[in-house]
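User: I would like to go through this model and understand why each label is given. Could you set the values against the cut-offs for me?

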Amino acid sequence: MATIFAGMWRAVAAAVAVVLLVGLFAGVAGAQEEPPETGVQGRLQQRTEDGNAPIVGVRIVVTTADGAAVGEAVSDTEGVWLVAVPGPGEYVVTIDQATLPEGVGLPEGDDGVRTLTINPRQVRGVLFPLGEGAGASERGSQVRLALQLFVEGVKLGLLIAMMAIGLSLIFGTTGLVNFAHGEMVTFGAVVAFWFNVSLGWHFIPAALIAIAIAAAVGGLLDLGVFRPLRRRGVGLIAQLVITIGLSLLARYVILYVFRGDPRSYAQYAIQNGIPIGPILLPAKDLWSIGISVLMLLAVGLTLQKTKVGKAMRAVSDNRDLAESSGIDVQRVILVVWAVGSGLAGLGGVLWGLGESVSWLMGFRLLLLIFAGVILGGLGTAYGALVGSIVVGVFIQMSTLVIPTELKNVGALAMLVIILVVRPQGILGRAERIG
Amino acid sequence: MDWEAIIRNAVIAGLSREAVVFAIAAVGLNVHFGYTGLLNFGQVGFMAISAYGVGISITQYNAPPWLAFIIGLLAAVLLALLLGVPTLRLRADYLAIVTIAASEIIRLVFRSVALRNWSGGSNGINGFADGFYVWNPFEPTEQYGFGWFKVFGNQAYIILVGWTLAILVTVLVWLLMRSPWGRVLKSIREDEDAARALGKNAYWYKMQSLILGGVIGGLAGIVLSVGQSTVQPDSYSPPVTFFIWTALILGGVGRVWSPIVGAIIFWTLLSLSDNILDGLVDTGIIPAAVTAGTRGGSVRFMIVGLGLALLMIFRPQGIFGDRNEMMLEDR
């Protein structure tokens with residue numbers, strides 16, 4: 001959503017820039033025919049796929065603040081209009097919307113009236129952001145917005161799915177619900193930020209080393225904390241509470257070091273959207289989608305084809321049987337921790353790239369990861385993928401009807417509802433899990 | 001360093017409004033986790049919904065305080081039903097995930113701009129607590145206490161009422177757990193299948209436990225909001241639940257008095273660590289930059305997180321707990 005806002009903001013900024021430039025040119029053009037000392041002017045145009053098209057024959061009416069007529073103008077073949085005013089003061093500029101061509105209108109909430117103050121010797125530019133107005137083709141732009149949100153939802157869902165892999169694999173092999181997984185996401189993003197911004201590395205090597213460090217920390221966490229706990233026979237619920245303690249510790253260490261305000265990486269922070277059909281996506285979003293898909297494919301292939309992947313599935317299915325058939329279960333769990341944490345770190349980096357890096361991002365994402373994993377079915381690899389994408393799309397598309405600030409609430413509420421209706425998730429087997 | 005002041009602050013913190021709120025909330029959590037084995041990681045959600053129930057029914061609907069109080073507790077019952085119906089039939093960790101999510105939903109909804117006129121947005125609700133202070137026997141401007149333990153009138157009132165409530169709910173829970181009903185809860189904690197095999201409706205017993213503990217949690221939320229004379233959405237954020245967990249585990253899970261003892265010890269230790277840290281900074285042993293700005297605040301959370309993890313690793317039964325009472329089996 002933030003990217004959409006960013007996109008809109010960019011569009012508005014571009015429009016303002018266009019008008020300022022236009023104002024300059026108009027000033028130059030007007031100079032030949034003795035410009036008025038004080039006045040208002042502007043250029044009416046519509047953004048289309050191949051540039052800006054002037055809008056001809058639209059009436060602009062200027063009155064004083066108390067309603068006395070001052071003058072009016074009609075936009076010429078360039079879309080330019082100019083009304084001279086008698087002197088400095090406050091004026092009201094109104095665009096006659098009845099004269100707008102069909103299919104062109106002001107954005108929703110814009111009444112086409114501008115009140116402005118003219119200073120001595122000022123010819124002031126007035127901006128009317130014309131486009132496919134709300135009234136003209138609302139359905140078209142709604143469909144486009146929905147499509148844009150859908151694609152952004154898929155991007156978010158793929159990211160959630162990638163971060164969920166670690167959670168699912170650790171749960172599958174050890175039965176532990178790792179509440180510290182969200183902090184691994186934050187950790188990856190923050191380490192990359194440190195290399196990228198504080199040390200001045202380029203973003204890509206910074207991201208790569210951050211992922212490696214996240215994987216190493218995940219492995220060390222298993223070696224140093226959870227393997228000894230398993231050996232001592234500490235129960236899963238005690239381990240779960242320990243992960244909560246560790247997540248609290250890690251989150252506030254990150255807050256301590258990184259501080260509270262969200263920040264962006266040094267490169268790729270601001271990118272213009274690339275038009276793909278009716279939607280706009282910045283290149284980094286395309287990369288994010290591509291990388292997530294690649295990683296998900298790689299994990300899928302690893303689980304299906306390679307020896308270590310088969311061992312992971314064997315440990316998930318039946319740990320004792322796996323152990324007795326010669327699989328080094330502890331080593332498999334170590335690999336799962338390292339790979340899962342690395343992927344979480346990568347997810348954090350990509351999230352930080354798309355939005356911004358903040359100390360609380362991991363905790364917020366963790367709740368969405370839970371929603372995705374449970375929706376798909378806890379412990380099912382492909383279920384987690386489907387569930388995550390559903391959650392991502394649901395979150396983004398729900399902003400069509402509910403306020404943006406509540407979009408995560410919708411996803412969490414869906415989590416609760418799914419548990420009532422279908423506790424084993426979309427793809428989970430209907431076995432007894434109580 | 002002024003050790004006398006540090007110890008004085010620690011004792012005051014151990015008996016303070018915050019400690020009593022934690023004690024009551026931990027009694028509820030003890031019913032959930034200690035006696036029934038329910039993993040409730042959203043206790044703060046019960047606190048929030050009751051506090052908002054009171055605040056909204058007074059400011060929006062002009063309810064008298066006693067009615068608002070009942071509405072607040074009923075809101076906690078509703079929340080328990082809402083959370084329990086989907087999750088109590090499932091494995092324990094589902095409840096953990098759903099409760100933590102629910103507590104965050106509640107906070108985000110109440111602080112949302114869309115409901116600003118109803119629940120006050122991020123400013124919360126103010127000016128509803130006066131009705132609860134009409135029985136206050138103390139003068140708000142006077143200090144009360146003994147020796148160097150002195151607090152202002154309103155604070156003294158809340159501390160007195162709060163600790164009375166804490167003791168009342170503790171006695172109530174003690175009586176309930178001695179009853180046949182309580183023995184069924186414990187048997188569900190120990191072995192749900194065995195309890196089921198004996199014909200007990202484990203689901204319904206767990207639901208009753210969730211409601212009872214949730215209502216006690218709601219009571220804690222009401223005490224907090226009335227004590228602060230305001231409902232602030234961000235006072236009900238997820239880490240509060242983890243603080244309460246730490247306090248409960250510190251005291252010893254599944255023991256009658258452990259929530260109260262745990263809350264007192266928890267706040268005493270927290271105050272000690274805060275004050276010693278400040279003292280070390282003042283005397284120059286630790287450079288001031290270490291605790292500058294928000295950093296001092298985050299140190300407290302780090303200590304709690306580390307403490308929770310270490311407690312669970314090395315002494316899961318807490319200070320006074322009995323290891324056999326500590327339900328740590330997964331199911």
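User: What makes A:Arg259 partly exposed?

Analyst: A:Arg259 has 15 other C-beta atoms within 10 Å. A residue is buried if 20 or more other C-beta atoms, placed from the backbone, lie within 10 Å of its own, exposed if 12 or fewer, and partly exposed in between. The count of 15 falls in between, so A:Arg259 is partly exposed. One thing to keep in mind from the start: this is a predicted model, in which local features need pLDDT of at least 70 and side-chain atom pairs count only at pLDDT 80 or more, while totals for chains, interfaces and linings use all residues. As for the names, residues are numbered from 1 along each chain as its sequence is written, and chains are lettered from A and ligands numbered from 1 in the order in which they are written.

User: Where does A:Arg259 sit, and what is its phi?

Analyst: A:Arg259 belongs to the loop between helix H5 (236-258) and strand S10 (273-276) of chain A. Its phi is positive, about 75 degrees, although A:Arg259 is not a glycine. Helices (H or I, at least four residues) and strands (E, at least two) are DSSP runs, numbered from the N terminus.

User: Why is B:Asn62 called exposed?

Analyst: B:Asn62 has 9 other C-beta atoms within 10 Å, which puts it among the exposed residues. B:Asn62 also has a positive phi, near 55 degrees, and is a residue other than glycine. Its place is the loop between helix H3 (43-59) and H4 of chain B.

User: How do you know that A:Ile211 is buried?

Analyst: By the same kind of count: A:Ile211 has 22 C-beta neighbours inside 10 Å, so it counts as buried. A:Ile211 is part of helix H4 (residues 203-231) of chain A. Leaving aside residues up to four places away in sequence, it touches A:Gly188, A:Gly342, A:Gly345, A:Leu346 and A:Val349; contact here requires C-beta atoms, placed from the backbone, within 7 Å. For chain A as a whole, 44% of the 434 residues count as buried.

User: Which residues of H6(A) are buried, and what makes its length fit a helix?

Analyst: The buried ones are A:Asp285, A:Ser288, A:Ile289, A:Ser292, A:Leu296 and A:Val299. Helix H6 of chain A covers residues 283-305, and its 23 residues reach 32 Å from first to last C-alpha, close to the expected 33 Å. That expectation is 1.5 Å times one less than the number of residues.

User: Why are H2(B) and H11(B) called roughly perpendicular?

Analyst: Helix H2 (residues 17-36) and helix H11 (residues 238-251) of chain B pack at about 75 degrees, with axes 9 Å apart. Angles under 35 degrees count as roughly parallel, over 145 as roughly antiparallel, 65 to 115 as roughly perpendicular and the rest as oblique. H2(B) and H11(B) are therefore roughly perpendicular to each other. Among the residues making this contact are B:Phe22 and B:Leu29 of H2(B), and B:Phe243 and B:Trp245 of H11(B). The contact residues divide into 9 nonpolar, 1 polar and no charged.

User: What makes S5 and S8 of chain A edge strands?

Analyst: The open sheet has 4 strands in the order S5-S4-S7-S8 (chain A), with antiparallel pairing. Strand S5 (69-74) and S8 of chain A each have a single partner strand, so one side of each lacks a neighbour in the sheet. From one strand to the next, the twist averages 20 degrees.

User: How do you know that the neighbours in that sheet pair?

Analyst: Two strands pair if DSSP finds at least two bridges between them. S4(A) and S5(A) are joined by 5 bridges, and A:Val61 stands opposite A:Glu72 in S5(A). Strand S4 (residues 59-64) and strand S7 (residues 89-95) of chain A also pair over 5 bridges, with A:Thr63 opposite A:Val92. Finally, 6 bridges join S7(A) to strand S8 (residues 113-118) of chain A, where A:Val113 is the bridge partner of A:Thr94.

User: How many residues does each chain give to the contact between chains A and B?

Analyst: Chain B gives 41 residues and chain A gives 37. On the chain B side, H5(B) provides the largest share, 12 residues.

Technical notes. Axes fitted to C-alpha atoms, helices over the stretch in contact; angles between N-to-C directions. Contact = placed C-beta atoms within 7 Å. Nonpolar A, V, L, I, M, F, W, Y, C, P; charged D, E, K, R; others polar.
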